[in-house]
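I wanted to see how the domains within each chain sit against one another. My notes are below, in the order I looked things up.

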Amino acid sequence: MERLLSNKKIKQRKEKPLALLSSKSRFQTFADELTKEDRALLTHFDQNFHQAVSLINPEAKLLYDDYKNAILLLCEKQKLPLEEALKRLDTCDLGGFYARPPILWYPLDNAAKVYPLSMKHGQMAVFRLSAYLDEPIIPELLQIALDTTIKRFPFFATTIKAGFFWHYIDSTKRRFNAEPESDLPCKPMNVSISGAQSFRVLYYQNRISVEFFHILTDGSGGLTFLKTLLAQYMKLQGIEVPSAMGVLNINDAPTTEEAENGFLKAEPSKKTSGFISKTALQMSGKLSSVKPVQILHFVMDAEKAKNVAKSKDATVTTFMLALIFLACKYATDDIKGRLQIQVPVNMRKHYPSTTMRNFSMYCTIKLPIEIVNSLDDILPEIKKQLTEGSSKENMNEMLNSTIKMVNSFRFIPLFIKKPAAKVIYGVLGDAVLTTTLSNLGLVELPEGLNEHVTNMDFVLGTGITNRASCSMITVHNNLNLSITKLTADPSFENKISDLLKQFDIPFKVQGSPLYGN
Amino acid sequence: MEIEIIYPSIKKRVKRQQLNLIISYLMAAAAYICPIINLLVGGKAWSAIVLWSLWMIWTNIFNAPLVEDNLISRTSRLAFDCAVLLLLIELFLKSGWLGFVLPIVCFGAIILLGVFFFINIPKQKQNLMPMIWVDLGAIVGFIFVFFVWKLKSWPVISLGISSITLLIASVAVLRKSFWLELKKRFHL
């Protein structure tokens, strides 16, 4: 209590918003006006908080401020009784995460090993998942939701380190930051400083976004984190969300399987598949120096899209792939060569696993540009390649290739591997692909979230030469096709728009302004 | 196509990028021209020192590491870079002073690293390794200079004592964590 009421010595960080700078005195005034009973409650809360947190400063102070801000918000703005506010902000939800020193560390999974080797200044594999709520986001509650959710995902509470042979992630105990969105989506993160976080939680108007450096997880793991964060955010608003449909109970202990390297589940096979492919045709638009130059979301009627795809004897993914092939042809001046689209495959479908780490492989759909003329011409070939390419047998071969490759490089020191990987990646880069289509599929939300989440989107980071990267996610009846652009040339999205109109699929387009213009 | 804007507008930050680009072009030009001038004019190989200095500026300021660029790793990197620079000056410009100056510079680096480490052990124990590399380098250097080269000056002795003390102190303070750190760093 004394610490809560007389913390004049605590200096606020310079970069903190003005609202927080004044919160000390506001909290003091608020506490002074409490009844005797409420002061006792606050004292008890304070004792529990300090028992649960033994971070070193300034992290402890920041966490402490989060709770003070949340108390003020709930009691003053939302007029909740203090008892109810403290019940929602139960310090039990902090668990022992902030009380224990960081001892865990994790070797990178086989897919993640390439990301720190290939990244460079301004180029990093980042993806983003967003949820749109029916009301504007309350930053104070989002911060508390993050403070309490992170303990359930200990492999996200890490910082990247360079070992002698491989990079690894080392746990870090700090207050992780939820910040207002004010920069480019999927902007590279600064992961070099001591204790730097490899993910971001952002808010803007009614949207909560999480951006991950791919080293931590794939779309599936990211979605579980976002759902759990949303559920915790809702709980702080008094809305109960059951731990189901991908929402984890934050007070359950993380399991070993959640942090496992799923690649080790591969069935041993002598057959392997190569990673090297011929270069693909690229869209012709001029590459922008600002990455991404624009984000676009085609929000479609999912039921209608499904029916159209069904009428063509195709799945939604196959149908969208066909549209993208046609749009790619429209957006390039080349008349010879192959269009190649990478489709990530969730390996959890083939190998049941609850891992939150990377566990995806990919297949590539390749079509000569000459045959990409109409939807009906290319659909059967796309369907065939997608079925074969994403089969368990093929994926198992690729898993084995990945394992063999990692094993063959494991005794080479990082200071040799790193420049070699940079040269190889610099030469090949993403030139073997025209674009990517990553589909997270239909997102099911439990009661409590279902009513309040109006839409979701999934955005991939930019490549090097690929002018567009596409991703899809479906929630409620919204099929959201997101395009991350690396060129201001609007040909690609204009063609997608025309094709959707042609097939009579209702849609609206949302997105960012053209950055850098 | 009508787009509903749902992202905030971004403040332009192009100036910094452009400045970096201009500087990198200038540095590349200097790295290209200096060896040519040196070859044409002849004399001492001063361009080797220019090249290393440009590399130092490039790797420490404009192209800093993307992983582990913390206080300890920066100091370690700078110490190594300075040692190489001194070695090049000794080799190509003026000789006879390296045995005295280099141990002083390394001794200073060891003290500085020790201060950074011990001032905040809970945070810095994860950044231990670059310090250990510099420390081991200093110990090997000391053994070579003191026992093989038989140079028994006070800077060499100071370097030997400080580097061995730092290693022993780190192991003593961290105990299990020290070995855990090594296990992490050398995992396959």
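These entries go through the domain contacts, chain A and then chain B.

**Entry 1: ground rules.** I'm working from a predicted model, so I kept that in mind throughout.

**Entry 2: carving up chain A.** I looked up the domain assignment and found domain 1 at 2-94, domain 2 at 105-264 and domain 3 at 286-511 of chain A. I picked the pairing of domains 2 and 3 of chain A to follow up. Their C-alpha centres are 22 Å apart. I get 66 residues of domain 2 of chain A in the contact, and 55 from domain 3 of chain A.

**Entry 3: how much gets buried there?** Domains 2 and 3 of chain A bury about 4900 Å² between them. Carbon and sulfur atoms account for 62% of that area. Which three residues of domain 2 of chain A supply more than any other three? I noted down Leu117(A), Tyr132(A) and Phe263(A), which make up 14% of what domain 2 of chain A buries against domain 3 of chain A.

**Entry 4: charges and polar pairs.** I went hunting for salt bridges between domains 2 and 3 of chain A and came back with one. I also pulled up the pair Arg348(A) and Asp218(A), a salt bridge whose closest N and O atoms are 2.9 Å apart. Polar contacts across the interface of domain 2 of chain A and domain 3 of chain A come to 25 residue pairs.

**Entry 5: which elements of domain 2 do the touching?** I listed those that each give at least two residues to the side of domain 2 of chain A that touches domain 3 of chain A. They are the strands β1 (105-107), β2 (126-133) and β4 (167-171), plus the helices α7 (114-118) and α9 (219-236), in chain A. The top contributor to that side is α9(A), with 10 residues. Sorting the residues of this side of domain 2 of chain A by class, I got 41 nonpolar, 14 polar and 11 charged.

**Entry 6: over to chain B.** Here the assignment gives domain 1 (8-64) and domain 2 (68-188) of chain B. I have their C-alpha centres at 28 Å from each other. Each of the two domains of chain B puts 11 residues into the contact.

**Entry 7: what holds my interest in the chain B contact.** The buried area between domain 1 and domain 2 of chain B is about 1000 Å², with 70% on carbon and sulfur atoms. I looked for salt bridges between these domains of chain B and the count was zero. Polar contacts did turn up, in four residue pairs between domain 1 and domain 2 of chain B. On the side of domain 1 of chain B that touches domain 2 of chain B, I tallied seven nonpolar, three polar and one charged residues.

Key
Residues numbered from 1 in each chain as written. Chains lettered and ligands numbered in written order. Predicted model: local features only at pLDDT ≥ 70, side-chain atom pairs only at ≥ 80, totals over all residues. Heavy atoms only, no water. Domains from an automatic or database assignment. Contact = heavy atoms within 4.5 Å. Buried area = accessible area lost by both parts, 1.4 Å probe. Salt bridge = Lys/Arg side-chain N within 4 Å of Asp/Glu carboxyl O. Polar contact = N/O pair within 3.5 Å; in protein donor to acceptor, adjacent residues only side chain to side chain. Helix = DSSP H or I, 4+ residues; strand = E, 2+ residues; numbered from the N terminus. Nonpolar A, V, L, I, M, F, W, Y, C, P; charged D, E, K, R; others polar.
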